[in-house]
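Here are my notes for you on this one. Have a look at the model first, then read on.

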Amino acid sequence: MSMFKAKVLLLGPMESGKTVLANFLCKATEVTNISPTVGVRIMEFEQPMILDGRNTVADIELWDCSGDHRYESCWAAFSKDANGIIFVYNPDRANHNKELEELYSYFVRSCKISPKRCILIILQYPCNALTYDLPPSFQNIQCIEANLESSSEDLREQLETFLVTVLVAMTDKRDQEELSIMNKR
């Protein structure tokens, strides 16, 4: 059993590529027909990494959350105990900026998740031109342009680095809480 466990939300508007990215991260290869996510799909995988100078394995619980607004009533349950957020954006889709802003407002601002524990993946498809204007909220979030067909290993490395950042933030927070308890004695 791993000493490190993180819950990471995968958020974005409908048809932004969240499920494709989730399958990529979890190395799910047998999925061929992708349909809209109903509510949420929870996937778990182990992520080898170097943390505090030691080789370790983290258990990652990836919540592939539907971008359909009819599940908005479930957002509180999705966000409970979340440690990080991967936002997914497809610049070819109309209204994605507005929907990204809504997701940011709820999951980052309302749930008080630090922007340092968030990342935005802009999925490139062979047909799209990468011209886009991100909502102002996303200026403080790491942004990665990615094409799963041509630069998948680069994306995997960047996401591994992001997961290390999330786990370091978690351990720092835990250490601060323990110190606070010790100092109250």
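**Notes on the cavity, a lysine and the cores**

1. Start with the largest cavity: its lining is made up of Gly-12, Ser-66, Gly-67, Asp-68, His-69, Trp-75, Glu-99 and Leu-103. A cavity here is a set of points, on a 1 Å grid over the protein atoms alone, where a 1.4 Å probe fits but cannot get out, and lining residues have an atom within 4 Å of a point. Its volume, the space filled by probe spheres set on the points, is about 50 Å³.

2. A word on the source: this is a predicted model, where local features need pLDDT of at least 70 and side-chain atom pairs count only at 80 or more, while totals for chains, interfaces and linings use all residues. Residues are numbered from 1 along each chain as its sequence is written, and side-chain values use heavy atoms, with hydrogens and water left out.

3. Now find Lys-18, in helix H1 (residues 18-25); helices are DSSP runs of H or I, at least four residues, numbered from the N terminus. Lys-18 is buried (under 20% relative accessible area, 1.4 Å probe, protein chains only). Lys-18 has no salt bridge (side-chain nitrogen of Lys or Arg within 4 Å of a carboxyl oxygen of Asp or Glu), and the nearest side chain of opposite charge, Asp-64, is 5.6 Å away.

4. Last, the largest nonpolar core (buried Ala, Val, Leu, Ile, Met, Phe, Trp, Tyr and Cys joined through side-chain atoms within 4.5 Å) has 29 residues. Val-8, Leu-21 and Ile-121 are among those touching the most other members. Helix H4 (152-183) gives the most to this core, with 6 residues.

Key:
Helices (H or I, at least four residues) and strands (E, at least two) are DSSP runs, numbered from the N terminus. Buried means under 20% relative accessible area, exposed over 50%, partly exposed in between (1.4 Å probe, protein chains only). Lys and Arg count as positive and Asp and Glu as negative; His and the chain ends are not counted. On a 1 Å grid over the protein atoms alone, a cavity is a set of points where a 1.4 Å probe fits but cannot get out, and a pocket is an open set with protein on both sides within 12 Å along at least five of seven lines; lining residues have an atom within 4 Å of a point.
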